[in-house]
Amino acid sequence: MQGVLTGFTVIAAIIGVGYVIGRLKYLGENGREVLTKLAFYVATPALLFTTLARTDLSVILSSRLLVTAISTAVVAGVFVAVGALRRWGVGRTTIGALCSGYVNAGNLGIPIAVYVLGDASLVAPVLLLQQIVITPIALTVLDLSGSGEKRTVWQRLTIPLRNPVAVGSLCGVMVSSVGWTVPELVLEPLVLIGNMSVPAVLLAFGISLHGSALPGRGPDRGPVLLSVALKSAGQPLLAWALASWVFGLSGAALLGVVITSALPAAQNLFTYASRYGVAERLARESILLSTMLSVPVLITVAALLG
């Protein structure tokens with residue numbers, strides 16, 4: 001249980017500092033916007049590059065990753081289907097689908113993997129899946145849906161190559177795949193810059209909470225509650241069913257898959273929503289509620305399967 005409590009304590013403390021900053025207006029009226037841009041354009045690409053450049057790509061070839069990929073696709077697909085029927089719009093539906101299945105594998109998943117599962121590398125496959133596949137696809141959809149200008153076929157195809165988050169991920173994968181060791185003179189500055197990513201995202205999230213209404217009560221109530229239900233209950237239950245009944249996993253392998261799927265929605269989803277100016281309230285409230293609910297969910301999973 002120590003990993004769960006440690007991860008949530010760290011996140012809550014930094015978000016709390018962000019809330020105080022927003023309340024006291026230490027960073028002025030545009031503080032959240034500056035932090036969001038810093039994370040999106042500079043710090044997060046650096047973090048993803050340095051992380052993926054040093055990751056063994058062979059970890060993606062595992063049944064555990066298949067369970068995560070299938071469960072993520074199913075819950076996101078459910079949200080997309082409902083969003084299409086209710087006509088929530090492409091941008092809002094995309095953000096809601098991400099909040100339904102995109103787990104906080106970085107700043108929360110890593111400490112939980114260390115303290116609960118005993119191995120930080122167990123979250124690496126999920127990080128790779130989300131940053132190599134899910135993020136470029138989602139950001140491409142947001143790019144296309146958020147622009148009214150006409151684009152050529154070539155411009156549409158190269159959108160992922162012009163997105164800093166996707167570029168950082170792809171460059172890290174390329175470096176890892178060829179087995180190249182990044183020189184320390186290049187790597188260390190990027191590591192230092194990348195270390196700003198998580199604090200910047202959490203501080204921006206905390207600032208956004210100041211003056212916000214209680215979650216789940218505004219015009220986005222339906223999308224918020226659906227995404228939280230899918231993330232907090234649907235995904236971990238589906239992952240457990242797939243892992244135990246279809247792939248025959250048990251013991252530590254089963255625990256690892258379900259724990260990973262039970263992680264809350266990632267804070268950087270709020271960064272994406274803010275960057276594209278779409279469904280910011282949906283992202284903020286979904287992240288907040290799923291993070292609160294994930295505490296009892298993770299404790300229950302660890303108690304039953306641990």
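Which residues of α4 are buried? The answer is G91, T93, T94, I95, G96, A97, L98, C99, S100 and G101. The model in which they are found is a predicted one, and the paragraphs below move from its overall composition to this helix, then to a pocket and to a single threonine.

The protein contains 14 helices and zero strands. Read along the sequence, its pattern is accordingly α-α-α-α-α-α-α-α-α-α-α-α-α-α. Of its 306 residues, 51% count as buried. Contacts between residues at least 6 apart in sequence are made up, to 83%, of pairs that lie at least 24 apart. The surface that the protein exposes amounts to about 14000 Å², and 67% of this area is supplied by carbon and sulfur atoms.

Within this all-helix pattern, α4 has 12 residues. From its first C-alpha to its last, α4 reaches 17 Å, close to the 16 Å expected at 1.5 Å a residue. The helix is mostly covered, with 10 of its 12 residues buried. Among the buried residues of α4 are the glycines G91, G96 and G101, together with L98.

L98 also leads to the second largest pocket, which holds about 280 Å³ of space. This pocket is lined by 16 residues, and those closest to its centre are A76, L98, I134, I137 and A138. Three elements give two or more residues to the lining: α3 (63-86), α4 (90-101) and α6 (124-145). What is the chemical character of the residues in this lining? They divide into 12 nonpolar and four polar residues, with no charged residue present. As general background to such analyses, rolling a probe the size of a water molecule over the atoms shows where empty space is left.

A further part of the structure can be followed from T36, a residue of helix α2 (residues 31-53). Is T36 buried or exposed? T36 counts as buried because its relative accessible area is 6%, which falls under the 20% cut-off. Leaving aside neighbours within four places in sequence, T36 is in contact with A204, T271, S274 and R275. The separation between T36 and A273 illustrates how sequence and space differ: these two residues are 237 residues apart in sequence and 9.9 Å apart in space, C-alpha to C-alpha.

Note on methods
Residues are numbered from 1 along each chain as its sequence is written. This is a predicted model: local features need pLDDT of at least 70, side-chain atom pairs count only at pLDDT 80 or more; totals for chains, interfaces and linings use all residues. Side-chain values use heavy atoms; hydrogens and water are left out. Helices (H or I, at least four residues) and strands (E, at least two) are DSSP runs, numbered from the N terminus. Buried means under 20% relative accessible area, exposed over 50%, partly exposed in between (1.4 Å probe, protein chains only). Contact means heavy atoms within 4.5 Å. Accessible areas come from the Shrake-Rupley method with a 1.4 Å probe; for residues, only the protein chains shown count as cover. On a 1 Å grid over the protein atoms alone, a cavity is a set of points where a 1.4 Å probe fits but cannot get out, and a pocket is an open set with protein on both sides within 12 Å along at least five of seven lines; lining residues have an atom within 4 Å of a point. Grid points are joined across faces, edges and corners, and a volume is the space filled by probe spheres set on the points. Ala, Val, Leu, Ile, Met, Phe, Trp, Tyr, Cys and Pro count as nonpolar, Asp, Glu, Lys and Arg as charged, and the others, Gly among them, as polar. The expected span of a helix is 1.5 Å times one less than its number of residues.
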